[in-house]
Amino acid sequence: MLKNNPLWYKNAIFYEVHLRSFCDSNGDGKGDLPGLTTKLDYLKELGVDCIWLLPMFPSPLNDDGYDIADYDNIHPDYGTVEDFKTLVAEAHARGMRIVADLVLNHTSDQHAWFVESRKSKDNPYRDYYVWSDTDQKYTDARIIFVDTEPSNWTLDEATGEYYWHRFYASQPDLNYDNPEVADKMIDILKYWMDMGIDGFRADAVPYLFEREGTNCENLPETHAYLKRVRRVLDQDYPGTILLGEANQWPWDLRPYFGGDEADLTAPGDEFHMAFHFPVMPRIYKALKLGDTTDILDIMDRTPSIPDNCQWCVFLRNHDEVTLEMVTEEDRQLMWKLYAPEDRMRLNLGIRRRLAPLLDNDRRKIEVANAILFSLPGAPIVYYGDEIGMGDNIWLFDRNGVRTPMQWTAEPGTGFSSAEPWAPVIDDDTYGYQKINVAAQQADPESLFHTMKHFIATRKAHPILGWGRCDFLRVENKAVLAYLRRTGEGQMLIVCNLSDQPQEVTLSLPEFRGVTPQDVLTGQAHNIISDEYTLSLGAYQYYWFDLSGTT
Ligand code: GLC
């Protein structure tokens, strides 16, 4: 059963599920809700606390479900509303939570509102979307899907006017200046919350409102609306969360938590959590160059957030590795380093999975996860990354990182008894014959077991969820070192991000006489004097508990 802790998300392990690719229960080649329900014990074994489900609603799937045609139902491929309720009940029975995706910014062009809206200029639904007789409005707004969309406006022949869309042209933006739209979206939120879910990952939130002369992102009107959404959750569904997807710089993200910037004990009143986008590409850059400078720099420039809020940190998700929050120079560098083939690039990012990005080098994959599970924030694991799944850059859009979960070495990978909706990974390195859950569960040395160990160790040390974080300034740029601390204790994380052995000297006068113990291996190290010198092998990492004095 669920424990009644309203701050549960501060130290939760999140897991992102792409329903279509997770487990097919009815033999149609597409993953579904009952399939996921049969895999809850697996997620429990891994140590997952909260599952984030990608959009599961009826949709033409032009953007894999982020183009919603009907907010009140489940896509027939995935099952029924009853199946969803069963999933929620079964997850709760195992002490796990479920957050769904809330797509506020836009609908599909197949949604009944848009079908009506485009019929005529005086249709009662016209004002549900953003129409204009010119495409020269809001010209300061950037285009997000740069590979496919020439403009944020598309001309609709029927009425000779343009409609506004921040993503694909088949995803018209809703008009939040229309109070009816603003209200209807709250009704939708309540409809799903009433089924007992634990909150939402709120999609693409910076773009809800448009104002001339701005870049149409992070506007005050947007924050005001999101605060209203939060009030509904607080009043009617206490203990549930809003996790915001705002791909922004940390200082632009800070307002999404709300509260009082001068007083962190004042509760945040907007999002409980937000993804920390900018740190992610910097971890990859640091690993390639053996230089931690950019991680330190972005964490330095990350503002403090209210005590009741939390970052969500991730290494990969269902999208491309976004390079929006890096400089143009770094974007070129990252493409050169990580996307040598054209097909690997998409929009302003890289469509590859974690293991291939890290050369399938177990040491690199481990050290990246050692950082993920110890940085400030709650970590999220993208399905399949716990076993080191590969990708297929030849598939459409981002489907190459959304291929069927590899459960077993059997044909169909234990995912489906039918031909899967997308080809399973079948190459020598990452093929399901070699990389699959069953094989890794049976092998105590597997990545799966290491991930399970990271998660269990993190949970045994709540400092990693709750503690503040102080980065140590060390001369050796290849080594990342930081202290996590609460009133109850301190931990020291040290990671070598280079492919060479490194020595590092840390200044730790306040810990003189302490014997650091690596909580991942149980091994005790030398007593700390004012200075502490450590040798690390290539990509080696330590999670030291600093409470031991013997
Ligand atoms: C978010 C989703 C992405 C989707 C976009 C438009 O960024 O993560 O997959 O394409 O929103 O809804």
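## A tour of helix pairs and a ligand site

The crossing of α8 and α10 is left-handed, and that's our starting point in this predicted model. To find the pair, select residues 279-289 for helix α8 and residues 328-338 for helix α10. Their axes sit 11 Å apart, with a packing angle of about 60°, so α8 and α10 are oblique to each other.

Now show the side chains where the two touch. On α8, pick Pro 281, Tyr 284, Lys 285, Leu 287, Lys 288 and Leu 289. On α10, add Asp 330, Leu 333, Met 334, Leu 337 and Tyr 338. Colour them by class and you'll get 8 nonpolar and 3 charged residues, with no polar ones in this contact of α8 with α10.

**Next stop: α8 and α9**

Keep α8 on screen and select residues 293-300, which is helix α9. The axes of α8 and α9 come within 8 Å and cross at roughly 160°. That angle is over 145 degrees, so α8 is roughly antiparallel to α9. This crossing, of α8 and α9, is left-handed.

Which residues of α8 meet α9? Try Val 279, Arg 282, Ile 283, Lys 285 and Ala 286. Across from them in α9 you'll find Asp 294, Ile 295, Ile 298 and Met 299. By class, the contact of α8 with α9 has 6 nonpolar, 3 charged and no polar residues. Pause on Lys 285: it's in the α8 contact with α10, and it also takes part in the contact with α9.

**Over to α5 and α6**

Select residues 179-193 for helix α5 and residues 220-236 for helix α6. These two pack at an angle of about 30°, their axes 11 Å apart. Is the crossing of α5 and α6 left-handed or right-handed? It's right-handed.

For the contact itself, show Ala 182, Asp 183, Met 185, Ile 186, Leu 189, Lys 190 and Met 193 on α5. Their partners on α6 are Tyr 225, Arg 228, Val 229, Val 232, Leu 233 and Asp 236. The contact of α5 with α6 divides into 9 nonpolar and 4 charged residues, with no polar ones.

**Last stop: the ligand**

Centre the view on the ligand, where 13 residues surround it. The closest to select are Asp 63, Asp 203, Glu 245, His 318 and Asp 319.

Then zoom in on some oxygen atoms of the ligand:

- Asp 203 has a polar side-chain atom 2.8 Å from a ligand oxygen.
- His 318 puts a polar side-chain atom 2.9 Å from an oxygen of the ligand.
- His 106 has a side-chain N or O atom 2.9 Å from a ligand oxygen.

Methods. Residues numbered from 1 in each chain as written. Predicted model: local features only at pLDDT ≥ 70, side-chain atom pairs only at ≥ 80, totals over all residues. Heavy atoms only, no water. Axes fitted to C-alpha atoms, helices over the stretch in contact; angles between N-to-C directions. Helix = DSSP H or I, 4+ residues; strand = E, 2+ residues; numbered from the N terminus. Parallel < 35°, antiparallel > 145°, perpendicular 65-115°, else oblique. Left-handed = near helix turned anticlockwise from the far one by under 90°. Contact = heavy atoms within 4.5 Å. Nonpolar A, V, L, I, M, F, W, Y, C, P; charged D, E, K, R; others polar. Near = heavy atom within 4 Å. Polar contact = N/O pair within 3.5 Å; in protein donor to acceptor, adjacent residues only side chain to side chain.
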